[in-house]
Amino acid sequence: MTLGVLVPSSLVREAEDKREATRKLGYVARAATVFRADRLVVFPDEDGERRWGGGFVEVVLRYAATPPYLRKEAWGRRDELEYAGVLPPLRISSRTGSGPDRPGSLQEGIVTEVGPDGRVRVNCALQHPISLLLPDGMEASVGERVAIRISSREPVRARIVDEPPPGFAVRRADLSEALGRPDAGLRIATSRHGTPLSVDRLADMAGRAGDMTVAFGAPGRGLPAILDVSVEDVARAGDTDVEPGPGFDLWLNTIPRQGSETVRTEEAMFASLAPLTLTE
């Protein structure tokens with residue numbers, strides 16, 4: 001199963017300063033990590049942005065998703081990262097292989113030099129950069145993230161593998177593009193006006209286990225406002241004869257007994273992804 005999480009560029013619209021905005025994005029990255037999201041997509045909501053827009057949101061989230069041992073080389077000093085020190089550690093679990101063809105742990109590396117004969121120099125979780133051979137048919141450029149399977153550190157035994165690195169990838173994309181991916185799977189829009197999540201509905205969704213994409217709104221500006229969809233249409237989208245909206249399979253209220261007038265995006269992510277990622 002792959003999990004995609006979509007958040008708007010107006011995600012930090014209510015933050016009073018850059019420090020608070022950075023901390024909020026840290027919690028968003030934590031939620032994506034805890035529930036093993038594969039991709040975190042920032043979609044445009046320019047009308048809802050205030051001081052910090054999609055560029056800031058993308059940079060901070062990408063920095064948060066970068067392993068600590070790669071951050072200095074990958075990012076250097078940037079204005080967007082002035083308060084990066086308040087980001088909580090993600091502690092992304094390395095994927096441990098199983099079986100003779102997948103020994104060791106999977107780590108992320110950054111290509112620092114491309115040499116001849118399909119070899120590249122990579123900075124990774126080891127003490128010094130190492131020279132490795134690219135798998136047949138795989139290409140890499142300087143600055144690219146690659147997955148490295150390390151089977152031994154003393155002596156060093158490692159190889160580049162043609163699969164995604166641990167953790168989640170961050171990028172900016174239009175909502176239609178993110179929902180149109182072949183692996184988008186079940187496409188869920190979260191809203192307090194959607195169909196309430198119940199035990200029966202959750203059991204039905206668990207039976208459809210597979211790829212999933214979950215979209216969230218911004219504080220004080222939910223998905224209906226962002227997408228210019230009436231709340232009446234959202235409330236009626238549970239009926240079989242009502243189109244659920246642009247590109248979504250259903251609108252879901254994942255906090256049916258909401259006690260606060262607004263739920264922050266990072267709070268909604270924890271509250272929503274916890275039940276939605278349950279298995280049978």
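**Sheet, helix α8 and the largest pocket**

In the predicted model, helix α8 lies across four strands, β1, β10, β11 (212-215) and β12, and runs at about 160° to β1. These four strands belong to an open sheet of six, arranged in the order β9-β2-β1-β11-β10-β12 with parallel pairing. Strands β9 (169-172) and β12 stand at the edges, and each has a single partner strand, so one side of each is left without a neighbour in the sheet. Direction ignored, neighbouring strands of this sheet are turned against each other by 30° on average.

Within the sheet, β1 (residues 3-8) and β2 (residues 39-43) run parallel and are joined by five bridges. G4 stands opposite R39 in β2. In general, the strands of a sheet pair through backbone hydrogen bonds, in either a parallel or an antiparallel manner.

The largest pocket holds about 390 Å³ of space. Its lining consists of 24 residues, and S191, R192, G222, Q258 and V263 lie nearest the centre of the pocket. By class, the lining comprises nine nonpolar, twelve polar and three charged residues.

Several of the elements described above also take part in this lining. Strands β10 (186-196) and β12 (250-253), together with helices α6 (223-227) and α8 (265-276), each supply at least two residues to the largest pocket. Strand β10 gives the most, with four residues. Helix α8 thus combines two roles in the description: α8 lies across β10 and β12, among other strands, and α8 supplies at least two residues of the pocket lining.

Notes:
Residues numbered from 1 in each chain as written. Predicted model: local features only at pLDDT ≥ 70, side-chain atom pairs only at ≥ 80, totals over all residues. Heavy atoms only, no water. 1 Å grid on protein atoms, 1.4 Å probe; cavity = no way out; pocket = protein on both sides within 12 Å on 5 of 7 lines; lining within 4 Å. Points joined across faces, edges and corners; volume = space filled by probe spheres on them. Nonpolar A, V, L, I, M, F, W, Y, C, P; charged D, E, K, R; others polar. Pairing = 2+ DSSP bridges. Axes fitted to C-alpha atoms, helices over the stretch in contact; angles between N-to-C directions. Contact = heavy atoms within 4.5 Å.
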